[in-house]
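User: Could you walk me through some of the labels used for this structure and the reasoning behind them?

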Amino acid sequence: MIFEGTVHTFGRDVDTDVIIPARYLNTNDPDELASHCMEDIDAEFVKRVKKGDIIVAGENFGCGSSREHAPVAIMTAGVSVVVAASFARIFYRNAINRGLPIVVCPAAAKGAKPGDRLRVDIAAGTVENLTQGKKYAAEPFPPFMQELIKRGGLMKYVKSKLAAGGKV
Amino acid sequence: MAATIAEKILAAAAGEAAVRPGQIIEAPVDLALTNDITGPLAMAEFEKAGFDRVFDPQKIVLVPDHFTPNKDVKSAGQVKKMRDFAHKFGIEQFFEVGRMGIEHALLPELGLVAPGDIVIGADSHTCTYGALAAFSTGVGSTDFAVAMAWGHVWLRVPESIRFVYHGLPGRYVTGKDFILDTIGRIGVDGALYKAMEFTGEAIEAMSIEGRFTMCNMAIEAGGKAGIVGHDATTAAYLASRPKGSHARTSGRVLASDPDADYAEVIEIDAAAVPLTVSKPHLPANTAPAEDLASTTIDQVVIGSCTNGRLEDLRQAAEILRGRSVHPNVRAIILPGTQQVCLDAAKDGTMQTLIEAGCAFSTPTCGPCLGGHMGVLAAGERCVSTTNRNFVGRMGDVTSEVYLASPYVAAASAIAGHIATPRMVAKAASGKTAAGRGGRR
């Protein structure tokens, strides 16, 4: 998977309450959730974001609540991949489970500016800042996560496991 | 091989002699929990995947608590989806308004969690049950949906950080002050992916309620779990539970080995921990309560999954007894469960709080996440015993949340600004003296 898009930057500790405020969680309709994505931290984000764009953030992206509505809102808003210095653990699980590509790459996250063009190669584990002419190595996923991603997410992984006889 | 309590529980669950941090295991789930925010999304995924049965209806718990009593038509629809799902799949542990509680107050109270259990919940504060020496952690909707079908969860064995609280805390200093102070020391990602193990003399002396509060907020430091070893306090609490979860504890792993490996050991002088407040907009943004007396407030919330147990409400009542909530302040009490309501009604706590001018709510997460029952207007400030003070968390994006203990919240409600019980007592004795002086 290779993604190329325009960067939208955010700082550290971006919490799920600003990714999708709880007042909108009386639904799980993806389009409705996406229309409020990042509303409390950047009210113009949903107007600016274009299909394929890339979110770049600092440490601990997605901290706070376990709401899977957060990766759903980000994906449905058009974002192709999130690059961050680190991710909060529940968001990390949710993103993998939902099929939102995420990349841990502190150096790329630190260097990127709003409007930069980024090229992210998930398989090769590289993040290239095309605007600045710099290339970074992303942290590789552990083998188990690579397997989950390869099989199309946790649900498909477990369905095939259960179909094969149920037991692990 | 020496191991931490978290490693021992996970090894036992995975059927292995030992596990090491970083290892991925697939563990059977003793209890899986969801609520009215994460549940409907999980149920949609479960049905979309075509599953026709759940692995064990007795091990699934559904608690609509966030937007209940249903705050609007959409919320009512989400809860109805959960109710229909419960009926369809034979899940008896679906808790209706009037017989429910805030999930993390309710499950331990009912005796549904035992030491050594693996509990996952589609709610980030599922880490609360570590106070009972269980390994419990928050997950998302898909993880929960998968657990309902599979009965297992994949977990990365976490490194552990051992926190040692030496000595005993000062007057009015509670588990809430400990955990806020600790998050202030290590930051909101200071325990990212790790288990936070709470030990030391102050933890041994702490009530089970205080331990629930501490484990509840492990997630606010990025922790995967908060955990306290099993001791006489745990045993006494479990023995008093209606479903007798203590019966499942025999032979379970209950404590860390003394020579276990930790990623870090952090030693804290309990006596030096102040009454602590987390300022906007991060739980790690801590300061002593007495340094914030110039901060005027509009609302106080006392309760929630963090501080909504009977001990918490009694602490608030201890400060508010015979006093009044400041004219500029709305004080809202959020009891954790129906049982807490009943106990507070029987022992006079509810009457004390109502006489002081507090609103006594039904159990709900409502105001904590800016859902309903106490949403903040633009620019308003709230002192809250809840767990998060992110931007817009309790209402308007320009509102502010200060996290504190029930003692500090109650004192602040009286003062109209952030205050400690001592400041309130001093102000009262000053007024009395002035009053006497005036009569002379």
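Analyst: Happily; below, each label is set against its definition. This is a predicted model, in which local features need pLDDT of at least 70 and side-chain atom pairs count only at pLDDT 80 or more, while totals for chains, interfaces and linings use all residues. Residues are numbered from 1 along each chain as its sequence is written, with chains lettered from A and ligands numbered from 1 in the order in which they are written.

User: Why is Met38(A) called buried?

Analyst: A residue is buried if 20 or more other C-beta atoms, placed from the backbone, lie within 10 Å of its own, exposed if 12 or fewer, and partly exposed in between. Met38(A) has 24 C-beta neighbours inside 10 Å, so it counts as buried. Met38(A) sits in the loop between α2 (30-34) and α3 (45-48) of chain A; helices here are DSSP runs of H or I with at least four residues, strands are runs of E with at least two, and both are numbered from the N terminus. Its phi is near 65 degrees, a positive value in a residue other than glycine.

User: And what makes Tyr172(B) partly exposed?

Analyst: Tyr172(B) has 19 C-beta neighbours inside 10 Å and therefore counts as partly exposed. Tyr172(B) also has a positive phi, near 70 degrees, and lies in the loop between β7 (160-166) and α6 (175-186) of chain B.

User: Why is α4(A) called oblique to α5(A)?

Analyst: The axes of α4 (residues 69-76) and α5 (residues 89-98) of chain A come within 9 Å and cross at roughly 50 degrees. Axes are lines fitted to C-alpha atoms, for helices over the stretch in contact, with angles from 0 to 180 degrees between N-to-C directions. Angles under 35 degrees count as roughly parallel, over 145 as roughly antiparallel, 65 to 115 as roughly perpendicular and the rest as oblique. The crossing angle thus makes α4(A) oblique to α5(A).

User: How do you know that β4 pairs with β5 in chain B?

Analyst: Two strands pair if DSSP finds at least two bridges between them. Four bridges join β4 (residues 118-121) to β5 in chain B, and these strands run parallel. In one of the bridges, Ile118(B) has Phe135(B) as its partner.

User: What makes β3 and β5 of chain B edge strands?

Analyst: The open sheet has the order β3-β2-β4-β5 in chain B, with parallel pairing. Strands β3 (60-63) and β5 (135-138) of chain B each pair on one side only. The twist averages 15 degrees from one strand to the next.
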